[in-house]
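Biologist: Could you walk me through this one, feature by feature? I would like the general idea each time, and then the case at hand.

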Amino acid sequence: MIQLPIYLDNNSTTKCDPRVFEAMTPFFLEDFGNAASKSHAFGWKAEEAVDYAREQIAKVIGANSKEIIITSGATESNNLALKGVYEMYAAKGNHFITVSTEHKAVLDACKHLEKLGAEVSYLPVGEDGLVTVEQIKAAIKPNTVLVSVMYANNELGVIQPIREIAALCKEHGVLFHTDATQAVGKIPVDVIADQIDLLSFTAHKMYGPKGVGALYVRRKNPRVKVTAQIDGGGHERGMRSGTLNVPGIVGFGKACEIALQEMESEGARLRVLRDKLENALLQLEESYLNGHKEHRLPHTTNISFKYVEGEGLMMGIKDVAVSSGSACTSASLEPSYVLKNLGLDDELAHSSIRFGLGRFTTEEEIDFTIKCVSDAVNKLRDMSPLWEMFKEGIDLKSIEWSEH
Amino acid sequence: MAYSEKVIDHYTNPRNIGTLDKSSSQVGTGLVGAPECGDVMRLQIQVGENGVIEEAKFKTFGCGSAIASSSLATEWLKGKTVDQALAIDNMEIVEELALPPVKIHCSVLAEDAIKAAINDYRVKNGMEPLELEKSHH
């Protein structure tokens, strides 16, 4: 028996792993001390737990625990990386390079910095969703301080050529930051081999709790510094003040430990299930895969079902939780900027669905989803005037649509 | 955001999906919206000799609220005279389906579709098209 609804929105957030939850529980009622309290056992116990978790967190990205700054999540990590570098390296330059399909936490932090005097280059991506090393190279200028490129995209799952970009940055003496929120714990990420200077990630995308994340800040070759954006008691070596979220950090640590152990087998299992889902859905007429087919996370697929509107489709598959590039619910009526940046017609962007598989996804659930989505697409096409026109051979571009 | 029961009912069991012969002089066709905006409605009416709408059909590309708005519109149109049909206001659709503010544009589109279908019918039958208020959505 499968339990409905089925959760296939794991790029948005993941269920806490029961092992993580279990590791956290003592730190609410028993070991509730403040990790900064140096004068009693409550504090020592909390500090010890945080130290241990910090090791676990560092290990999943191949870092040293001293290079981990705990934050409230990837949004804060991205803000700290970008704004902190801008302030710290103001004397060196004011030019940042990033990509148009980054998460809003990066794009909006960059917009904020532009108001403060930064110059930001937003590089376009190809129709596969990828930016190239050549594009970055062409954009680097003498006043470039930082390049920020996400490891894997949240809507498409495509993986950017991080190692090549980081090597290029090193060559030019430019700092390299990556928002690795979708990648850490899912695919191998190694800050040494990849030559990453700053890296943002978060617990709740990898079966840990919400409200806790980290920023990796390199300590050697080069030693990187960021200006604190939250001032106070001088926690996290002065780079991020605020009482540590001990249960959250313990859970984050446990989640990293499990991810490191199970990443390989889990990735292989999810790839098989993802491919099964994707291949079946691409059998439907006029359905298209969005993003590069190879350079991609193993658990994510993004498909457009032409002539069917995404939100209408989600209503038809109410037993399957997914997300859509259609923005029918937002006031702007603008579909996903990520999909638009691939050069997709608005119409195809409105027709897209992202499926995000996860640790708890079963094959039965995938079989159910294939049937459910296929039926809904067929039903909605039967009531779509666009599908009827397409079938009659009418070119939709030849019609003068009423603006609204 | 949860959908109202009536929206779910119309979405699950849409009334009057289909196509009428658009070349018939008895049939008026309204096609409104745009694919890049995420909703397109095609609404058709078939008018009898007595000026009463005897058949109404729709097809819609859009969200659940857009589908429900057009489905409801076809239900209301049947049995009305053309003049009565012209009086249908989008806010009546909003009320009937309990549409939230972000979905009001779906009802506006349905009203536009009704008026466009009526105008098509009028022009086919030698009448002046009605001046329609430019709707903003």
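Modeller: Gladly, and keep in mind that this is a predicted model. Let us begin with the sheet of chain A, where seven strands make up an open sheet of mixed pairing, in the order E2-E8-E7-E6-E5-E3-E4.

Biologist: Which are the edge strands of chain A?

Modeller: Strand E2 (68-71) and strand E4 (119-123) of chain A, each of which pairs on one side only. As for twist, neighbouring strands of this sheet are turned against each other by 20 degrees on average, with direction ignored.

Biologist: How should I think about strand pairing, and in which sense do E2(A) and E8 of chain A pair?

Modeller: In general, backbone hydrogen bonds hold the strands of a sheet in pairs, either parallel or antiparallel. Here E2(A) and strand E8 (residues 213-217) of chain A are antiparallel, with four bridges. To find the register, look at A:Thr71, which stands opposite A:Gly213 in E8(A).

Biologist: Now a helix, please. What span should H4 of chain A have?

Modeller: Helix H4 (residues 74-88) of chain A has 15 residues, and at 1.5 Å a residue these should span 21 Å. The C-alpha atoms at its ends are 20 Å apart, which agrees. An α-helix has 3.6 residues a turn, so residues three or four places apart point the same way.

Biologist: How many residues of H4(A) are buried?

Modeller: In H4(A), 13 of the 15 residues are buried, so "mostly covered" is a fair description by the criterion of 20 or more other C-beta atoms within 10 Å.

Biologist: Let us turn to chain B. What pLDDT does chain B average?

Modeller: Chain B averages 92, and 96% of its residues score at least 70. For the complex, the predictor gives an ipTM of 0.92 and a pTM of 0.92.

Biologist: Why is strand E1 of chain B described as largely enclosed?

Modeller: Because seven of the eight residues of strand E1 (residues 27-34) of chain B are buried. E1(B) runs antiparallel to strand E2 (residues 39-47) of chain B, and eight bridges join them. One of the pairs is B:Leu31 with B:Arg42 in E2(B). The hairpin of these two strands has four residues between them, and B:Gly38 there takes a positive phi near 90 degrees.

Biologist: Finally, how many residues does each chain give to the contact?

Modeller: Chain B gives 27 residues and chain A gives 25. On the side of chain B, the largest share comes from E1(B), with four residues. By class, that side has 16 nonpolar, seven polar and four charged residues.

Note on methods: Residues are numbered from 1 along each chain as its sequence is written. Chains are lettered from A and ligands numbered from 1 in the order in which they are written. This is a predicted model: local features need pLDDT of at least 70, side-chain atom pairs count only at pLDDT 80 or more; totals for chains, interfaces and linings use all residues. Two strands pair if DSSP finds at least two bridges between them. Axes are lines fitted to C-alpha atoms, for helices over the stretch in contact, and angles run from 0 to 180 degrees between N-to-C directions. The expected span of a helix is 1.5 Å times one less than its number of residues. A residue is buried if 20 or more other C-beta atoms lie within 10 Å of its own, exposed if 12 or fewer, and partly exposed in between; C-beta atoms are placed from the backbone. pLDDT is the predictor's confidence in each residue, from 0 to 100. Two residues are in contact if their C-beta atoms, placed from the backbone, lie within 7 Å. Ala, Val, Leu, Ile, Met, Phe, Trp, Tyr, Cys and Pro count as nonpolar, Asp, Glu, Lys and Arg as charged, and the others, Gly among them, as polar.
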